Amino acid sequence: MHINKFIIKSVRDMLSLDIIKLALLTGVPLFLIWLGIGYLLWEPMVEFTSWIISWIPFSIVRANGAFIISFFIWFSAVLISYALFVGLFSGFLLGGKKESSFEAINFFIIFILSIFWSGVILYNWPWLSKEIAHLLTLLPFDTVAKGIAWLLAFYIFYNLFLISEYLVIFTFREPFIKALMEKHLGDMELKRSSHISAVFTYSKLYQGVLWFFVASFLILPVLFIPIANFLAVWFLWAWLYKESAFVGVCSMLCSKEDFHRLKEHKIYFISASLVAALLNFIPIISIFTPFFIMDLYFHWIISQREED
């Protein structure tokens with residue numbers, strides 16, 4: 001399967017200046033659009049999330065709210081510390097380096113800060129969870145419910161942003177795959193499969209997105225159960241990427257025989273999608289997830305074709 005080899009190749013591709021620019025050109029405008037939509041629809045969304053919370057016993061919300069709040073503390077800490085670090089030290093650390101090196105170092109900084117703050121929260125988890133639970137106990141029910149409703153509303157808008165980015169990148173994936181082919185294989189024509197029609201390709205995509213929205217609604221109560229909430233969201237994203245991204249990439253690289261043979265490798269699909277879905281939990285890096293999963297499938301499909 002050699003997924004480690006494909007992960008390394010995909011990470012190197014993500015650090016290339018062209019892909020970083022492409023991710024920013026798609027991610028930043030979509031983020032601003034969803035920021036505007038969130039501003040306009042914030043109150044209705046909070047009312048909806050408040051309605052969800054009203055169906056959950058307050059004892060559960062109060063007892064497990066610490067886990068949800070700590071995640072947003074981690075998320076905010078990574079973003080704020082990254083902004084401060086770049087603002088204070090980027091000139092000293094990155095001065096005189098090539099532009100590609102600048103982007104690679106930025107990636108490294110984000111990963112290090114994500115790991116650092118994860119370690120800080122885990123190390124202080126007994127104290128942190130106790131203090132947050134104590135605070136939730138002191139606050140009135142309406143205040144706690146409203147605060148958790150705000151966090152759930154943020155979670156929903158964040159997912160909508162990531163879904164919209166995946167849809168855009170999937171729709172315009174051909175230039176991305178052509179760029180990968182030119183970089184790794186030289187000038188080669190895309191080998192479109194006559195078996196994988198556009199109707200079939202996009203039906204897989206929209207079925208996955210529809211299933212994602214339905215499942216996201218069903219798992220909202222699970223978000224109040226520590227560990228289970230992380231696993232539920234992780235597997236949900238992985239399931240969306242697992243087949244739709246493969247069909248999207250294979251429709252441009254595979255013959256009919258390749259498609260039927262490769263789609264039997266279920267273990268690789270699961271492994272690749274789980275690895276890619278983890279990126280959605282990391283601020284800023286999450287905008288590269290659609291590129292990363294397609295890149296993983298690209299290298300795997302090319303490798304399988306070369307072996308044959």
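This passage walks through one disulfide, two helix pairs and three single residues in a predicted model.

A good place to start is the covalent cross-link. The structure holds one disulfide, and the two partners are Cys250 and Cys254, whose sulfur atoms lie 2.0 Å from each other. The torsion about the S-S bond is -120°, and the link between Cys250 and Cys254 is left-handed. How accessible are the two cysteines? Cys250 has a relative accessible area of 0% and is therefore buried. Cys254 is buried too, with a relative accessibility of 0%. Buried here means under 20% relative accessible area, a cut-off that will be useful again below.

Cys250 falls within the residue range of helix α9, which covers residues 228-253. This brings the account to helix packing. Two packed helices are described by the angle between their axes and the distance between the axes. For helix α7 (residues 173-185) and helix α9, the angle is about 60° and the axes are 11 Å apart. Because angles of 65 to 115 degrees are what count as roughly perpendicular, the pair of α7 and α9 is classed as oblique. The crossing of α7 over α9 is right-handed. On the α7 side, the contact is made by Arg173, Glu174, Ile177 and Met181, while α9 contributes Gly248, Val249, Ser251, Met252 and Leu253. Sorted by class, the residues of this contact between α7 and α9 are five nonpolar, two polar and two charged.

Helix α7 also packs against helix α1, which spans residues 3-14. The axes of α1 and α7 come within 12 Å and cross at roughly 110°, so the two helices are roughly perpendicular to each other. Here α1 supplies Arg12, Asp13 and Met14, and these meet Phe176, Leu180, Lys183 and His184 of α7. The class make-up of the contact of α1 with α7 is three nonpolar, one polar and three charged residues.

Another residue of helix α7 is Ala179. Is Ala179 buried or exposed? With 43% relative accessibility, Ala179 is neither, and counts as partly exposed. In sequence, Ala179 and Ile19 are 160 residues apart, yet their C-alpha atoms are 9.3 Å apart in space.

Two further residues sit in other helices. Thr26 belongs to helix α2, which runs over residues 17-54. The relative accessible area of Thr26 is 18%, and because buried means under 20%, Thr26 counts as buried. Which residues does Thr26 touch, once those up to four places away in sequence are set aside? They are Glu165, Ile169 and Phe291.

Phe72, for its part, is located in helix α3 (residues 58-94). Phe72 has a relative accessibility of 13% and so is buried as well. Leaving out residues up to four places away in sequence, Phe72 touches Leu151, Phe154 and Tyr155. One of these partners, Leu151, lies 79 residues from Phe72 along the chain, and the C-alpha atoms of the two are separated by 7.9 Å.

Definitions and conventions
Residues are numbered from 1 along each chain as its sequence is written. This is a predicted model: local features need pLDDT of at least 70, side-chain atom pairs count only at pLDDT 80 or more; totals for chains, interfaces and linings use all residues. Side-chain values use heavy atoms; hydrogens and water are left out. A disulfide is a pair of cysteine sulfur atoms within 2.5 Å. Buried means under 20% relative accessible area, exposed over 50%, partly exposed in between (1.4 Å probe, protein chains only). Axes are lines fitted to C-alpha atoms, for helices over the stretch in contact, and angles run from 0 to 180 degrees between N-to-C directions. Helices (H or I, at least four residues) and strands (E, at least two) are DSSP runs, numbered from the N terminus. Angles under 35 degrees count as roughly parallel, over 145 as roughly antiparallel, 65 to 115 as roughly perpendicular and the rest as oblique. A crossing is left-handed if the near helix is turned anticlockwise from the far one by less than a right angle, and right-handed if clockwise. Contact means heavy atoms within 4.5 Å. Ala, Val, Leu, Ile, Met, Phe, Trp, Tyr, Cys and Pro count as nonpolar, Asp, Glu, Lys and Arg as charged, and the others, Gly among them, as polar.
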